[in-house]
Amino acid sequence: MTRTLGVCYYPEHWPESQWAVDAAQMKATGLTWVRIGEFAWSLMEPTPGTYDWDWLDRAVETLGNAGLKVVMGTPTATPPRWLVDSMPDMLPVDAQGRTRGFGSRRHYDFSHMGYRDACRRIATAMGERYGRNPHVAAWQIDNEYDCHDTTLSYSGAAKQGFQDWLAQKYQSTDALNRAWGNIFWSMQYDTFDQIELPNLTVTEPNPAHVLDFRRYSSDQVAAFNRVQVDALRPLTDTPLIHNYMGRTLTFDHFKVGADLDIASWDSYPIGFLSDRIEGTTKEKQTYLRQGHPDNQAFHHDLYRAVGNGRLWVMEQQPGPVNWAPYNPAPLPGMARLWAWEAFAHGAEAVCYFRWRQAPFAQEQMHAGLLRPDSEPAPALGEAAQVAAEIAAMPDLDHATGSAALIFDYESAWAWDTQPQGADFDMFRLAFAAYRALRRAGLSVDILPPHTGDLSAYKLVLAPGLMTISDNLRAALATYEGIALIGPRSDLKTRDMAIPVPMGPSLPDTDVTVTLTESLPPSDKIKLQGGGRFRHWFEHLDGTAPVHLSTKSGQPAIMGGDHLRYLAGWPDDATFDGIIGGLCDAAGIATLRLPDGLRVRDTATTRFFFNYGPKPVTWKDTIIPAAGVHWEAL
Amino acid sequence: MTRTLGVCYYPEHWPESQWAVDAAQMKATGLTWVRIGEFAWSLMEPTPGTYDWDWLDRAVETLGNAGLKVVMGTPTATPPRWLVDSMPDMLPVDAQGRTRGFGSRRHYDFSHMGYRDACRRIATAMGERYGRNPHVAAWQIDNEYDCHDTTLSYSGAAKQGFQDWLAQKYQSTDALNRAWGNIFWSMQYDTFDQIELPNLTVTEPNPAHVLDFRRYSSDQVAAFNRVQVDALRPLTDTPLIHNYMGRTLTFDHFKVGADLDIASWDSYPIGFLSDRIEGTTKEKQTYLRQGHPDNQAFHHDLYRAVGNGRLWVMEQQPGPVNWAPYNPAPLPGMARLWAWEAFAHGAEAVCYFRWRQAPFAQEQMHAGLLRPDSEPAPALGEAAQVAAEIAAMPDLDHATGSAALIFDYESAWAWDTQPQGADFDMFRLAFAAYRALRRAGLSVDILPPHTGDLSAYKLVLAPGLMTISDNLRAALATYEGIALIGPRSDLKTRDMAIPVPMGPSLPDTDVTVTLTESLPPSDKIKLQGGGRFRHWFEHLDGTAPVHLSTKSGQPAIMGGDHLRYLAGWPDDATFDGIIGGLCDAAGIATLRLPDGLRVRDTATTRFFFNYGPKPVTWKDTIIPAAGVHWEAL
Amino acid sequence: MTRTLGVCYYPEHWPESQWAVDAAQMKATGLTWVRIGEFAWSLMEPTPGTYDWDWLDRAVETLGNAGLKVVMGTPTATPPRWLVDSMPDMLPVDAQGRTRGFGSRRHYDFSHMGYRDACRRIATAMGERYGRNPHVAAWQIDNEYDCHDTTLSYSGAAKQGFQDWLAQKYQSTDALNRAWGNIFWSMQYDTFDQIELPNLTVTEPNPAHVLDFRRYSSDQVAAFNRVQVDALRPLTDTPLIHNYMGRTLTFDHFKVGADLDIASWDSYPIGFLSDRIEGTTKEKQTYLRQGHPDNQAFHHDLYRAVGNGRLWVMEQQPGPVNWAPYNPAPLPGMARLWAWEAFAHGAEAVCYFRWRQAPFAQEQMHAGLLRPDSEPAPALGEAAQVAAEIAAMPDLDHATGSAALIFDYESAWAWDTQPQGADFDMFRLAFAAYRALRRAGLSVDILPPHTGDLSAYKLVLAPGLMTISDNLRAALATYEGIALIGPRSDLKTRDMAIPVPMGPSLPDTDVTVTLTESLPPSDKIKLQGGGRFRHWFEHLDGTAPVHLSTKSGQPAIMGGDHLRYLAGWPDDATFDGIIGGLCDAAGIATLRLPDGLRVRDTATTRFFFNYGPKPVTWKDTIIPAAGVHWEAL
């Protein structure tokens with residue numbers, strides 16, 4: 001597969017005289033793609049119902065004539081003021097009951113039917129205008145769903161929609177009351193319109209209530225997206241894409257991804273390290289200018305699954321951003337490393353964000369490939385280098401990983417609703433497992449929870465799955481590799497209750513979680529052989545063989561040759577030991593990698609990425625900080 | 001006095017076929033009491049005015065026939081949805097002005113007269129049905145007043161009620177303006193209906209305004225409780241009880257307790273250690289699975305006073321709970337230790353919460369005596385052991401303690417309103433004093449602030465009393481033991497002003513607090529002999545003898561042989577020294593206890609409780625971790 | 001110039017029989033000034049339109065007859081209840097949309113025209129009554145603008161006013177949309193009444209939108225103040241004063257100061273150390289009872305500039321206050337030291353707050369010169385000592401400092417709006433620069449950003465100026481000393497955008513900031529010679545000479561002989577080195593001062609202040625803790 005580079009561009013921000021100059025320089029840099037349009041509704045439709053396409057026609061023409069391919073974005077993340085004025089109840093409402101107003105972006109409620117109509121209208125108009133334009137080679141729908149915590153809204157529209165959704169799901173309040181266990185605190189409802197959104201209750205609402213609201217809210221994102229998919233499909237043959245964000249778990253990306261052709265995401269390694277990745281101060285210092293060495297890989301693998309194998313990076317950090325608590329500059333070379341890492345994980349395209357740093361408005365401190373004065377910023381040269389390297393590189397075909405990790409959004413909502421320990425978080429748990437696999441040098445595939453075939457993998461991890469789907473249970477029943485299930489897996493019904501008999505219900509594996517403990521950061525469970533669990537520990541019972549025990553003699557891993565249950569959350573060193581043992585048992589070769597070095601295999605090539613702040617030596621090769629090295633497999 | 005065990009049970013959560021099985025197993029475990037009913041309003045009165053008692057009749061009959069005694073709970077902590085719909089203004093409002101909605105529990109405003117009527121109605125109906133039922137041997141009114149911060153509400157009902165209460169108290173706004181000092185910032189009122197609740201002011205409201213609102217709010221809890229007392233009294237001869245919570249100081253428990261027959265409380269040692277007891281990381285680690293070694297004792301002694309000598313533990317933690325930040329499992333033996341400790345402190349009954357872990361709704365992760373699948377949870381065997389031990393134990397009569405601590409809820413509101421130092425807290429101060437007494441091996445009685453007789457005690461501590469009541473002052477005037485008053489005692493008028501002459505006004509003791517200092521955690525006041533004050537230091541003046549000085553020569557303790565004033569907040573080691581000296585002077589024998597070991601004397605028996613994580617040796621006896629040891633006195 | 005002492009007094013708090021006694025004791029203490037009246041609106045005008053001046057007439061007469069001069073305060077910080085009831089929309093609204101109610105003080109919205117009218121009316125009435133009273137020798141308007149975060153209000157009045165202000169400024173929404181860059185996220189407005197206040201947006205609002213709201217809000221403070229200035233000017237010939245607070249940057253004090261005759265401020269050294277000055281735990285411990293050794297000096301110098309050379313301390317902390325997180329007592333001697341330091345920095349008068357500690361209402365725990373029982377508090381004797389020392393001291397004439405610091409309020413709003421690094425704060429940066437100058441023993445003048453003449457100074461620092469004004473740029477072009485500009489200076493247009501060409505635009509100095517980095521606390525940029533930048537680092541480009549480099553070879557200071565640009569935020573030791581080098585180059589003598597010792601020169605006298613907790617030796621003099629030493633220059 002060929003790999004391509006691109007960039008995000010806002011012709012409306014610059015004098016028209018600049019467009020051709022910019023386009024030529026993009027081309028000269030070796031870029032293929034240019035994404036435009038996604039915030040420009042107020043220019044496309046300056047007054048209600050009156051479209052102005054002329055400027056956009058000329059922009060597409062200019063870019064296309066320069067040899068670039070356009071990704072056209074629908075502008076529905078930024079409804080114009082006049083649209084909000086026409087239906088003020090389209091604004092979202094936060095959990096404290098405050099309306100979230102106009103003046104930035106994403107000021108809409110996914111549940112609002114009037115706004116969905118408006119989106120259908122603008123998407124249709126754009127599709128009619130550009131769906132067959134030869135320069136427009138892909139579409140992006142909306143921008144960064146959930147960014148700024150916008151999936152959940154506590155508006156009137158959401159309440160009405162939720163009540164309807166519940167009525168559809170349960171058909172009777174009796175059924176709902178039973179499913180939720182509303183008898184618990186006299187919480188029964190007689191009619192669906194009595195059911196409020198689960199915010200502002202005196203103490204925590206019923207977790208089943210919350211989980212259904214989370215499901216409802218996720219469904220609205222998918223439904224909102226589908227409106228535009230349905231509008232555009234008849235009007236274009238090019239791929240439809242959305243650009244997801246990092247560590248965003250509020251909606252089921254697999255469901256949104258099912259309606260699209262490619263999954264893309266916006267990769268801001270340094271911003272994410274600063275604002276959303278757990279780590280010790282030491283780790284944060286070490287990777288300050290590189291980003292977490294596994295975070296990009298995790299999201300590449302996750303979104304490749306969301307995209308059913310097709311992955312882009314739609315926005316790639318090129319320099320300091322404006323939005324993290326602290327915004328240092330990347331090490332020289334990182335803008336290249338990140339791009340190559342994306343390609344190694346299967347990305348077809350990597351688009352830098354953005355072409356030229358905008359000197360005004362919210363993101364004026366966000367670097368681009370060019371400075372505000374049009375001089376080259378540091379990343380421009382790195383982008384050009386990548387472009388040249390791509391041209392010299394044979395095609396990179398994706399290879400199935402040696403291990404798989406099952407990741408479930410619904411479980412993230414379940415544990416967010418009922419963490420039981422203050423620091424229990426689904427992403428954190430899954431990422432801990434992923435990191436251990438990656439530190440062992442494995443290439444990993446991430447699988448959705450409804451996966452029905454594990455046969456391609458010798459090792460499968462399934463941490464934190466609230467339930468195991470029927471598909472997955474069937475696959476596990478005949479699985480010939482080693483699957484490590486847990487902790488906190490298969491311990492709930494889909495109604496967010498504890499099943500009786502109690503879980504997990506693993507095929508042919510007699511193990512039951514009889515009691516659960518969460519642990520404060522100061523505490524740990526010591527294991528035989530020196531490891532330790534942190535955060536979480538489950539007491540196991542059953543007749544299955546014990547593979548690992550705590551120092552006090554309680555089972556830590558139980559199960560048979562193929563299915564094993566992990567009773568706690570291992571710290572990093574312990575996870576390394578466990579994964580090492582499983583790989584040995586499963587016949588997977590592991591690598592002893594120096595700190596900061598990471599590996600990813602394609603079908604033909606092994607890539608090495610040095611995330612560390614110092615050079616490392618791999619066999620005979622010295623890989624500098626921020627260095628990329630590849631060798632044939 | 002005989003001691004008994006019990007359990008909390010929710011027949012409405014389980015198939016009716018299970019009831020008799022459960023009852024038989026309760027009986028076989030050695031339980032005497034079963035509490036039911038307190039959240040089941042929606043089943044008792046499924047639609048307005050239509051009662052359904054059949055299921056509850058059968059439940060009582062089944063339990064009673066098994067030989068159990070029923071504690072019947074009124075369900076007023078969980079008004080059903082239809083009731084809220086009939087008067088939506090019954091919902092409480094938080095300090096930010098947000099209505100706290102339906103969907104969990106305690107969604108009512110203590111000030112709402114319509115809701116009080118509804119509570120009178122359901123309590124009366126229950127009393128008529130079960131007041132003379134031979135199986136119903138006690139009543140619980142409502143559940144955990146103030147839980148989830150529900151004492152204070154900023155609703156329209158509260159505002160109206162507060163204005164009326166002020167008009168009753170002051171009779172004229174002139175009197176109120178004078179009492180509050182409203183001249184200070186032109187805050188005078190001309191009419192009572194101008195007076196708003198003291199939230200959402202620009203900066204802090206007048207502390208006298210806040211303190212009166214706190215008094216008003218406390219009075220509403222007592223008045224709310226009295227409605228049900230008055231409804232039930234004519235209908236039953238069995239004791240009326242409320243189950244208080246831990247470290248709950250928002251209402252005057254002595255006033256509520258005066259209307260009831262027994263004070264009970266809900267003892268969650270591990271949950272409370274995690275979420276509401278100050279401690280170093282080391283202490284939190286040491287007692288992670290045991291709870292704070294003095295917290296249960298403090299509350300037993302406090303609520304024994306609230307109950308005028310009659311104490312129960314209505315809910316006893318049996319395993320991990322669901323609601324604390326972290327929820328580890330108790331050490332094996334703790335469910336036994338906690339019960340015996342309660343008995344040693346005078347509890348007549350200890351009821352475990354709950355019989356079987358509910359697999360649904362908010363508390364599904366809260367352990368019971370049985371697992372959700374009806375298998376025994378770890379605490380079941382410990383409960384059975386306690387039951388067997390009770391049977392073998394002679395009666396335990398209460399003995400008056402050797403020292404007393406005076407505890408005043410109103411002072412807690414005063415210092416909460418005007419902490420002066422960010423970490424000044426009434427519970428924390430009183431608990432520090434209590435802990436020092438207990439580390440010295442003393443059995444302590446807690447006394448209300450209106451106490452008029454101290455003659456039973458050789459030593460009395462009175463920390464943090466905003467005023468000394470007339471009763472207490474009279475008792476102090478003739479006291480022949482040693483009373484240590486302060487710090488921060490008798491320094492306010494009841495109008496929350498500084499008295500002139502300035503306090504304290506101790507009989508025949510010339511000592512005045514001339515200046516007050518609060519200290520950040522990094523600072524301390526060094527004392528002669530190596531001790532130190534933390535948090536708080538008062539400059540003393542007067543002619544009374546100085547018993548202890550600071551290193552710089554300021555008085556730290558002043559007074560005569562019987563009444564002394566303590567000028568600061570001693571750290572633990574310093575408090576140990578001070579208490580040791582006072583005990584020597586007062587002729588009280590103290591004990592040198594190993595870390596984690598605690599003692600409590602009944603009339604005939606000395607009990608030892610090992611809260612530490614390791615065995616300790618007491619004389620010749622090795623007491624294991626979580627071990628209980630007793631010997632005749 | 002003669003120096004005088006005074007005190008704040010509230011005759012309305014005390015029996016009238018006490019007034020003459022108090023006045024005589026004030027006089028005997030050596031006080032000259034007594035400030036009264038500023039919270040007494042409800043007594044001056046007990047019912048709408050009915051004034052009662054009798055009590056105030058007698059109070060002025062009593063004080064004046066004792067030989068005191070009265071500062072008369074207008075009571076507009078505490079509108080009475082009846083006034084609020086007559087126009088409830090005069091109440092301010094916080095950023096969360098909650099109305100901030102009656103019950104404390106400062107409960108008014110600067111934008112409310114009805115309230116401005118009410119203030120004009122009461123000020124006029126007071127002026128007519130007391131403007132020519134021979135005992136009234138100065139006026140204070142309102143009290144502590146912005147205290148309790150009251151500059152910014154999100155009310156309807158503010159919204160209307162802001163829209164009008166924008167319409168005046170921009171004349172057309174097209175111009176506003178261009179200036180703000182509203183094209184960025186389709187944020188264009190068609191009419192001014194579409195523009196909401198910049199709170200409660202989904203994510204951050206346009207920084208240009210916020211900055212204009214900050215400017216508008218600042219302008220309203222000035223306009224509000226001007227209403228009373230205009231009312232009083234015709235009615236009195238005495239100076240008009242406002243008492244500013246510490247570290248208050250929400251309005252442009254230079255603009256308010258331009259309408260007044262004297263700038264005064266309220267100096268609470270220990271309270272401010274506790275609640276608003278950054279510092280290590282060690283620093284906070286060292287100066288716990290003294291206050292930060294540079295904070296008072298900084299504000300004296302700043303407000304002397306705001307007062308165009310005329311400075312008072314209107315409220316001087318005398319003992320523990322009531323409002324900081326922790327409230328220890330000052331070291332003996334500090335109430336004297338603070339007064340002398342104010343005089344050394346040019347203060348004409350220092351008034352202690354307050355005469356007698358009020359035993360009631362919000363500030364009852366705030367010490368005075370007298371205790372609540374009228375006994376002397378520790379500061380009374382120190383005040384008398386200062387009065388005696390003044391009498392023995394020759395006049396102290398102000399001397400121009402050897403270095404100047406330029407301070408700009410608008411930049412504070414800019415960086416508050418767009419910190420880019422979580423701990424970037426204008427005060428903190430300017431204070432860091434100021435502290436370095438002061439540690440070098442320099443006397444500093446603070447200059448407003450529109451300064452057009454720097455010729456009096458050999459050294460000028462200009463950190464954090466969003467833009468350099470035309471005046472200042474002209475002054476820099478011919479400057480013959482050394483000016484150190486930056487970091488983060490001259491990098492914005494006045495529309496809060498990045499200029500192209502990019503800044504800074506220093507005369508004859510080719511240096512450009514090409515890229516900006518913010519750094520987390522754990523990170524630093526190492527410099528040649530051992531220094532380091534923290535928080536902030538800018539990449540410089542250009543042909544100007546490099547004076548200092550980072551260890552990795554990037555420029556850290558660039559420029560010519562006279563104008564240099566500083567690329568980062570030096571830590572304290574690094575700042576000391578930089579300032580030392582600049583002083584050497586500029587021919588300024590520096591001092592090697594022991595820890596805690598500070599210096600300030602008047603025209604004839606050098607003052608030393610020992611802020612440290614221990615005695616220090618200066619040449620042959622031992623200066624005790626809290627000691628003041630002076631010697632002729």
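**Exercise 1. Determine how far helix H13 of chain B is enclosed by the rest of the structure.**

Solution. Begin with the extent of the element: H13(B) covers residues 334-344, where a helix is a DSSP run of H or I with at least four residues, a strand is a DSSP run of E with at least two, and both are numbered from the N terminus. Next, apply the criterion for burial, in which buried means under 20% relative accessible area, exposed means over 50%, and partly exposed lies in between, with a 1.4 Å probe and protein chains only. Among the residues that count as buried in H13(B) are Met334(B), Arg336(B), Trp338(B), Trp340(B), Glu341(B) and Phe343(B). Because 11 of the 11 residues are buried, H13(B) is largely enclosed by the rest of the structure. Finally, look just beyond the helix, where Gly346(B) follows with a positive phi near 105 degrees.

The model is predicted, so local features need pLDDT of at least 70 and side-chain atom pairs count only at pLDDT 80 or more, whereas totals for chains, interfaces and linings use all residues. Residues are numbered from 1 along each chain as its sequence is written, chains are lettered from A and ligands numbered from 1 in the order in which they are written, and side-chain values use heavy atoms, with hydrogens and water left out.

**Exercise 2. Describe the two faces of strand E11 of chain C and name the strands with which E11(C) pairs.**

Solution. In a regular strand the side chains alternate between the two faces of the sheet. In E11(C), residues 459-462, Leu459(C) and Leu461(C) lie on one side, while Val460(C) and Ala462(C) lie on the other, and all of these are buried, which leaves both faces covered. For the neighbours, recall that two strands pair if DSSP finds at least two bridges between them. Strand E9(C), residues 403-406, pairs with E11(C) in the parallel sense over three bridges, and here Leu405(C) stands opposite Leu461(C). Strand E12(C), residues 482-485, also pairs with E11(C) in the parallel sense, over four bridges, with Val460(C) opposite Ala483(C).

**Exercise 3. Locate the cis peptide bonds that precede Pro501(A) and Pro487(C).**

Solution. Most residues other than glycine have a negative phi, and most peptide bonds are trans. In chain A, a cis bond with omega of about 0 degrees joins Val500(A) and Pro501(A), and Pro501(A) lies in the loop between strand E12 (482-485) and strand E13 (512-518). In chain C, a cis bond joins Gly486(C) and Pro487(C), again with omega of about 0 degrees, and Pro487(C) belongs to the loop between E12 and strand E13 (512-518) of that chain.

**Exercise 4. Decide whether Gln171(A) is buried or exposed, and do the same for Arg106(C).**

Solution. Take Gln171(A) to begin with: although not a glycine, Gln171(A) has a positive phi of about 70 degrees, and its place is the loop between helix H6 (156-170) and helix H7 (173-180) of chain A. Since its relative accessibility is 61%, Gln171(A) counts as exposed. Arg106(C), likewise not a glycine, has a positive phi of about 60 degrees and is found in the loop between helix H4 (81-86) and helix H5 (113-130) of chain C. With a relative accessibility of 1%, Arg106(C) counts as buried.
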